[in-house]
There are 2 protein chains.
Amino acid sequence: MKGIAVIAVCAAIVGLIVAVVLATWIKKQDQGTDRMKEISGFIREGAFAFLKREYKIMVIVILILFLLIGFCINWTTGILYICGAVLSVLAGFFGMNVATWGNVRTANAAKEGGMNKALKVAFRSGAVMGLAVAGLGLFGLGMVMVCLNLATVVQCVTGFGFGASSMALFGRVGGGIYTKAADVGADLVGKVEAGIPEDDPRNPAVIADNVGDNVGDVAGMGSDLYESYCGSIISAITLAAVASSASGGIFDEATAAIFPLIMAAVGIIASVIGILLVRGKEGSNPANALNAGTYIASGIVVIVSIILSKAMLGSYAFSIAIIAGLVVGVAIGKITEIYTSEDYKSVKKIAEQSQTGSATTIISGLGVGMMSTVWPIICISVGIFAAYFATETVGAGMGMYGIALAAVGMLSTTGMTVAVDAYGPVSDNAGGIAEMSELPEGVRNITDKLDAVGNTTAAIGKGFAIGSAALTALALFASYSAVTGLSAISLLNPIVIIGLFIGAMLPFMFSAFTMNSVGKAANQMIEEVRRQFRSDEGILAGTSKPDYAHCVDISTQAALKEMIVPGLMAIIAPLAVGIILGPEALGGMLAGALAAGVLLALMMANAGGAWDNAKKYVEGGAYGGKGSDTHKATVVGDTVGDPFKDTSGPSINILIKLMTIVSVVFAPLFVAIGGLIG
Amino acid sequence: MKGIAVIAVCAAIVGLIVAVVLATWIKKQDQGTDRMKEISGFIREGAFAFLKREYKIMVIVILILFLLIGFCINWTTGILYICGAVLSVLAGFFGMNVATWGNVRTANAAKEGGMNKALKVAFRSGAVMGLAVAGLGLFGLGMVMVCLNLATVVQCVTGFGFGASSMALFGRVGGGIYTKAADVGADLVGKVEAGIPEDDPRNPAVIADNVGDNVGDVAGMGSDLYESYCGSIISAITLAAVASSASGGIFDEATAAIFPLIMAAVGIIASVIGILLVRGKEGSNPANALNAGTYIASGIVVIVSIILSKAMLGSYAFSIAIIAGLVVGVAIGKITEIYTSEDYKSVKKIAEQSQTGSATTIISGLGVGMMSTVWPIICISVGIFAAYFATETVGAGMGMYGIALAAVGMLSTTGMTVAVDAYGPVSDNAGGIAEMSELPEGVRNITDKLDAVGNTTAAIGKGFAIGSAALTALALFASYSAVTGLSAISLLNPIVIIGLFIGAMLPFMFSAFTMNSVGKAANQMIEEVRRQFRSDEGILAGTSKPDYAHCVDISTQAALKEMIVPGLMAIIAPLAVGIILGPEALGGMLAGALAAGVLLALMMANAGGAWDNAKKYVEGGAYGGKGSDTHKATVVGDTVGDPFKDTSGPSINILIKLMTIVSVVFAPLFVAIGGLIG
């Protein structure tokens, strides 16, 4: 086993080397004018100011949880917790660092080399994040396999997943609050009150807004998928023993445990190939190049999975599970596009209904969001069905391992997926820098085009993140049942129903917290921008510089303060239910949170994306265009959609995964107590 | 058993006699001026035009489902289906008829006799609906017990519940679409475009709007609670055999089956006493009188349940279940009030945040709606816990019967609850008639005061309706497990998880349908009102009469047309999942729909109620009062909230109950097939 694990580690290292090479290439590109360097310097400074403050808190959290795990469970799990957390932090740091290199160089590439060059720089910046996420995740898990014996791995590797999850909380929830507080604050005072355009350097919150793209949309999204990536592999490892005994001796536990790592290794190599093949053609839609890369990477994984499934596990059935996961991931992305892109009828309908005012904008947007849940849920259901029953035919009891493999399959091309997703905020930032540096309009046109594609890829990425969170949480739920040794978690047991109700309630409560947090933080930002405009009239006149750092500071403080309550909730809820009501009730809670959470997350993310693009559609000239009453109505929709799609919706991914991994890690404790009153 | 069942029938008859006496008393009251009679005549005409059209479709639906049940299950169940449906229709007809008598007489009582007299007429009109719902429900179920032997009752009585559910679909969903299409249409053209006040007789949609109060808020709400009322009793009856065997011979099945009917009989008598004791004091808050009546009725049920629990079933444990249900019902009402009344901080916060525009109105309202789910869910969980474990101590396996008794307890005072709830729309209508008949301002002040209290009682009623739907659906879910004979519906079975996902998705899909329906129907209404204003300028000048009937017709047609898809969905979804994926998957689906549905319904109803009252709070003078920008922002919130609280939210109650009862009725079929692919 250890020999094969070394292969996985090597593949991870290949991915990381490519990431470093790309990063070096990016750094070598020209940064453009002094003004551009200055602006990009502000953004970098703000982003690292946030990270630095965040790290201080993270260290405390990591230490507390390390001790908690060590005392309650065992110290190896605690140490793996630290590994999972530290690698997550590293991936975020590395990826975001390069993204802040990439933004200004993308702007300059658009200025000097045109569309194609700009696409290349922006996409490669995203690719570094993608390869860092997948590479460090696989590297860590591979090293765990290499260094520890299998029994210890199975017992303790969930700690690694918990580390990934708890850091994702900071990345996705904290980052989400940061980015939207800055965005909403900058928009409401700048665009609405002062009447200055977006990304205008006179707006004191404009740097915070651009920092937010990096903090929330690059690092936050990366930490979310890093968590899913590790979680899916970990779940398969913990189910390997069940799978091997279900196989009736066809393969042993070690093979079943190493198989997901090998598939992840294949996925990294496939992603590297896909990434290197992404090349824009001058004049063609950049989306085509990105899609081609994704399809190539997926195709490679499909073919190799068929071969390895038969070679390692003795049956093609396992490749069906992996392919099912991959297909579901791609399908959810496509469905998301249909509901959130202005090329399709849902967005157009919202724009049309906005003619009767903002109330109908909201009603129809919520309607679209609700309706958009139907097909993803059907896809996920079909995927679960295929993965389960295909593998269950190999041997009774194998199905749960099959579901975990579906999650592994869906996430195998994470390197590519994150690359495409992170390309969006880099382009967005590049546009901001171009605007603030007053580059010629032709440059803005290029960055706008890249940004428009980036909006769609970001929406698709959000759908993918939710789908992968659902499958990962489900796979971890299977691990939970294996670890607790529960033979059934029956809905006919009222304590399970109580758990189900509480679980379904948690995403609603969590969303209420995160939405209120954005509101509160945005209000502080509004006050600060107003204060600066009042105290120095030279700011709006363009003669004196606004105090960017103070706005960055407000977003930073607010984000870190506001994530405490929802963060604690995600950790305490499973502990409380597990200890008080027992492991069965906790199983019900996890299922309830999973089902309701996925629905709510899909609704919020897609409604938000649809509102955003309905606004863009009207700005493109429909129904009176910019400045019309219809446009004003769509702006209301977009503002409501901002926390929906960038804070609350994606944060639910973290909630459901984090609660599940906490349950898996502390399962021995719950079983020992058996429920104080349950 | 039959002897005791006769007692229940007698109590039901007492309730119905009191209803008839009250109705006669109301009819004797003076209708006021000719203008008042004319207006009230229009409303009656419109309401009955809707009913007539609705009945035509209902007859077809009843016949089809009768044949379907007859062929697939058995003909006795089919006949009981017809009984349940016809009694629901009768209750709706009788109650709404009297409500349309009551509105004009309330207006006249306000004019002639003052506050106290008006309260009396309005409340008694509501009381007729309340006693009709409970009286006819208990009469029907009592007669079933008297006429059939116990084995047949247990086997077939679910058909009665299905009848109640399928008619509630028409009442709540159709009525909900009707009332909001008229309301939103009337408001958007009348108030916003033409600048005429609410309830102005020049508005062609004004009669449709007032008809909607009767159709949706009186008849629709009544049919919803009729369904819960019957469903809870039916569930307890079907679980009687399990309960009796769990009791180890302490009581037999017949006693366990008759006990819920006797508690319902006690509830009716208690409601009659409560209703007759409601008396307003001149100058005091009418809410106090209504609350006093509710507490008296509940108190009587509590005391008698303790006595009967011991006397009939040999243990006080069963009264704990009943009291748990009652307390949860009252508690949810109180919590709803806290989140939706302008006396508390949530509504004030929405008003405050509306100062920064309608986007923040929406965000904070949704936040309040989401947060408002927490305590009701905790109350329901505690209620389930108490009811289950208290009765489970009597004998292992008794707990599910205990949960059904909790539902019976919560709904035992339905007569009183519906009376308080239906009083709201009657007062609202009275206000409309006073406005349209140009009665002096003092009269409007009285009706406004009654209406304000009515708004709160309506919001509380909505919370209660959701809570009772949750508990009833859960009880019926227990019946489902008993009927299918499933020993477990385990979340470790992926087919159950697939069911859970699909189930959680259905309320979102259903809400999307109903929200879009309101939008579409409101648009038709807007077009029609604009057309009338254009084609005859005399309408706005007040010299010629608008064509009210045409607007009534539009709402009627739209409501009936738009409810087809969601209605079919609610019936087909459980059939499809049960037949294709099998009874276990269906169990998962029901649980998923229950959990997600209750959450979504609570969120929508409470957000809607909070927005409504935030608007009223601003209209009361806060943050600039009527006409200010803050007011405009709150109007947007109120408009979004209209379909939330009066169509989509309450319709989910029907969805979860209807799907569960369909599953119970067709359970033998699903068990026989065993799932085509599951």
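User: In which helix is A:T391 found?
Analyst: Happy to start there: A:T391 sits in helix α14 of chain A. Helices here are DSSP runs of H or I with at least four residues (strands are E runs with at least two), numbered from the N terminus. Residues are numbered from 1 along each chain as its sequence is written, while chains are lettered from A and ligands numbered from 1 in the order in which they are written. This is a predicted model, in which local features need pLDDT of at least 70, side-chain atom pairs count only at pLDDT 80 or more, and totals for chains, interfaces and linings use all residues, with side-chain values based on heavy atoms and hydrogens and water left out.

User: Why is A:T391 called buried?
Analyst: Buried means under 20% relative accessible area, exposed means over 50%, and partly exposed lies in between (1.4 Å probe, protein chains only). A:T391 has 0% relative accessibility, so the residue counts as buried.

User: What makes A:T391 and A:A387 a polar contact?
Analyst: A polar contact is a pair of N or O atoms within 3.5 Å; within protein, one must be able to donate a hydrogen and the other to accept it, and residues adjacent in sequence count only if both atoms are side-chain atoms. A polar atom of the A:T391 side chain lies 2.7 Å from the backbone oxygen of A:A387, so that distance is within the cut-off.

User: Which residues does B:F251 touch, and what makes that a contact?
Analyst: Contact means heavy atoms within 4.5 Å. Setting aside residues up to four places away in sequence, B:F251 touches B:A243, B:S244, B:A256, B:M312, B:L313, B:F318 and B:M398. B:F251 is found in the loop between α8 (240-246) and α9 (253-277) of chain B, and counts as buried because its relative accessible area is 5%.

User: How do you know that B:K462 and B:D646 form a salt bridge?
Analyst: The definition asks for a side-chain nitrogen of Lys or Arg within 4 Å of a carboxyl oxygen of Asp or Glu. The two side chains meet at 3.0 Å, N to O, so the pair qualifies. B:K462 belongs to helix α17 (residues 441-484) of chain B and B:D646 to helix α23 (residues 629-665) of chain B, 184 residues apart. B:K462 is buried at 14%, and B:D646 is buried at 9%.

User: What makes B:K520 and B:E562 a salt bridge, and is B:K520 buried or partly exposed?
Analyst: Their N to O distance is 3.7 Å, which meets the salt-bridge criterion, so this pair counts too. B:K520 has a relative accessible area of 48%, so the residue is partly exposed, whereas B:E562 is buried at 10%.

User: How many salt bridges are there between chain A and chain B?
Analyst: Zero, although the whole structure holds 48 over all chains. Between chain A and chain B there are four residue pairs in polar contact (both at pLDDT 80 or more). On the side of chain A that touches chain B, 52 residues are nonpolar, 14 polar and one charged. Here Ala, Val, Leu, Ile, Met, Phe, Trp, Tyr, Cys and Pro count as nonpolar, Asp, Glu, Lys and Arg as charged, and the others, Gly among them, as polar.

User: How much area do chain A and chain B bury between them, and what does that term mean?
Analyst: About 6,000 Å², 85% of it on carbon and sulfur atoms. Buried area is the accessible area (1.4 Å probe) that two parts lose on being put together, summed over both.
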